Each structure stands twice: as C-alpha cells, then as structure tokens.
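Got your viewer open? Let's take a walk through this protein, one selection at a time.

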Amino acid sequence: MKWLPHARRLAHQVVRPESRWHDAVARVPRHQFVPRWWEQEGHGWVLRTGPDDPDAWLEAAYSDQSLVTQVDTHHADRADTGDVLADGTPTSSSTLPSLVVRMYRHAMIGDGHQLLVTTGTGYGTALACARLGEEHVTSIDIDEYLVKLAADRLALLGERPRMEVCDITGPLPGEYDRIVATVSVRPVPVSWLKALRTGGRFVTTISGTGLILTADKTADGGAVGRIEWDRAGFMPTRHGDSYDSPVDDIWKGVAQDEGEEIFT
C-alpha cells in the first residue's frame, strides 16, 4: 500500500517544513497504528476495518483527525467485523496529529532529552522515537493490552522504546526531562514533579477545560507554570479498563420515572 505520499501530505498540512517534527510525521505510518477504529453514527458507534477498504483507511489515517479506537471497554481490534455499539464513551484514541505535534512543541523538547509520553495507539510514541531516538522515549498507559499492542506495532517499525503499564497519576518509572500527557488531569499529579529533573517541563490539559498547562520544575522541587495561548481537549485519565459510572443506575431511573416536572 502506497502510504508515504499520504504521510508527506499530512506532514505539510500539520507542521512547517522547517520544524524537526516535519520529518517524523512524514515517515511514520499512522495507518499501522489504527487498522480498526470506531466511527460515530448518531448516538452509536460503527466499526471501521482498514484492510477492507484501503482507500478509506488511508484517507482516515492521514487526515488530521482523532480516530477512536476504544469505546468503554470495547477495543476496535477485538471487535468483530460489522459490530455496532448502541452508545458508549470513548476511552482511547489516536489523537489528531497536529495536536500531538503542538503538545510536543509546547514541551520544547531538545536533543538528548529523556521524554515520558502516554501510549494510546502508539502513534505519538512513534513520532517521538523518530525525532529523538528510541533510547530517549518512555511510553506508559494504564491499559496493559494497549501497551502490548503499541509495543508490537512499534517493533515492526524497528522502534523499541521503554514501554510500561502505569497509572500516570501515580508513581512514574524513572526520571525525565519532559513529560507530555495526552490525557487531561485535575489536579496535576505530585508524582510528575518527583519524576521531573530540575529544569524539566511537563505539558498537559486540565480536565473539563480546553486549557493547555505547561510548567517548569524549579530547584526547590516545585514548579512555575502557565496556561498557554492555545487550546486542546483530551480524554480524562482513567484507572482501569473504562471510566467509573457510579450514577448510571440513578440516571436511568430518573430518566424513566414519571413526575410533575421532568428536566435535565
């Protein structure tokens, strides 16, 4: 499948040619990280299988859009052809490439920096490896299946960064110059400051907002941060296969019960 022209077109679309991220986007095969994905139709989700329609696969993979790969606990790679979900909440995706690059640029990553990133499909990890080299990249995710899948797909490209199953809100596996979280948090985990070297920087988004937060670790162990003149939105962190939904039963009852006044 001739994917390189599509990757090069995407690179020209999302980053200037002078940027050191341009070459990474132009030569990483995004389609290999998203062979299947969920596409929303109405309130439900329909499974799309790339190899069944290579042209649509290339168009989707090399468009600047997020592709949802997991809804609740239903990962697209584990679904059967023709599967449809009546509803559900996205829990993992391949983030739109322009946003991945923007987050990396906010991190001000330099040659030789040790970088911690979140895994997802592994595409963002692949971009980091192409830019820095695999020995400088650690990739983590709460979901063991996602980590193994991404590691296998990265290995097919000859990239073997450190891959760990880890809750990003807890202790982190090492020390880093940069942490880039393509998930949203609130509050910022204290463990990030413990894992950052003095002068290191983290980049994330604040849950429930479109705000991008960057902060630099100071010599006293704290950090000085700012809200960037930019906007982004990511899925919030989760601590298992899906999000907790403690009020689902209550909500269903309220939605179905009769009363003098019904409103949301």
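Before we click anything, one term: a residue is called buried when its relative accessible area is under 20%, and exposed when that area is over 50%, with partly exposed in between. Keep in mind, too, that this is a predicted model.

**Stop 1: the cysteines.** Select C166. Is C166 buried or exposed? Its relative accessibility is 12%, so C166 counts as buried. Now try C129, which is buried as well, at a relative accessible area of 3%. If you go hunting for disulfides, the count is zero.

**Stop 2: the whole protein.** Zoom out and colour by secondary structure. You're looking at eight helices and 13 strands. Of the 264 residues, 51% are buried. Take the contacts between residues at least 6 apart in sequence: 56% of them join residues at least 24 apart.

**Stop 3: the largest core.** In soluble globular proteins, nonpolar side chains tend to be buried together. Here, the largest nonpolar core has 45 residues, and W21, V25, Y104 and L127 have the most contacts inside it. Several elements give two or more residues to this core, including α1 (4–14), α2 (20–27), α4 (97–107) and α5 (123–132). Which element gives the most to this core? Select α5: it supplies seven residues.

Next, click V25 and show what is around it. Leaving out residues up to four places away in sequence, V25 touches A7, L10, A11, V14, V101, Y123 and L127. There's also a second, separate core, this one of 17 residues, with L116, I168, L213 and A215 among them.

**Stop 4: a helix with two sides.** Select α3 (54–61). Which residues of α3 are buried? Show W57, L58, A60 and A61: these are buried. Look down the axis of α3 and you'll find that its buried residues fall within an arc of 165°, so they line one face of the helix. On the other side of α3, D55 and E59 are exposed. What covers the buried residues of α3 includes α1, β1 (36–41) and β3 (67–71).

**Stop 5: a hidden hole.** How many cavities of 30 Å³ or more does a search of the whole structure find? Just one. The largest cavity has a volume of about 70 Å³. It is lined by 14 residues, and F33, H75, T121, L149 and R153 are the closest to its centre. Select α6 (144–156) as well, since you'll want it in view: α6 gives the most to the lining, with four residues.

**Stop 6: backbone oddities.** Most residues other than glycine have a negative phi, and most peptide bonds are trans. Now for some exceptions. Click D72, in the loop between β3 and β4 (74–75). Phi of D72 is near 55°, a positive value, and D72 is partly exposed, with a relative accessible area of 25%. Then jump to M108, in the loop between α4 and β7. M108 also has a positive phi, of about 55°, and at 56% relative accessibility it counts as exposed.

For the peptide bond, select R186 and P187: the bond from R186 to P187 is cis, with omega near 5°. P187 sits in the loop between β10 (176–185) and α7 (190–195).

**Last stop: T218.** Find T218 in the loop between β12 (211–217) and β13 (223–231). T218 is partly exposed, at 25% relative accessible area. Not counting residues up to four places away in sequence, T218 touches T198, A223 and V224. Finally, draw a distance to R201: the two C-alpha atoms are separated by 9.7 Å, and the residues are 17 apart along the chain.

Key
Residues numbered from 1 in each chain as written. Predicted model: local features only at pLDDT ≥ 70, side-chain atom pairs only at ≥ 80, totals over all residues. Heavy atoms only, no water. Core = buried A, V, L, I, M, F, W, Y, C linked by side-chain atoms within 4.5 Å. Buried < 20%, exposed > 50% of the residue type's maximum accessible area, 1.4 Å probe, protein only. Contact = heavy atoms within 4.5 Å. Arc of directions from axis to C-beta. Disulfide = S-S within 2.5 Å. 1 Å grid on protein atoms, 1.4 Å probe; cavity = no way out; pocket = protein on both sides within 12 Å on 5 of 7 lines; lining within 4 Å. Points joined across faces, edges and corners; volume = space filled by probe spheres on them.
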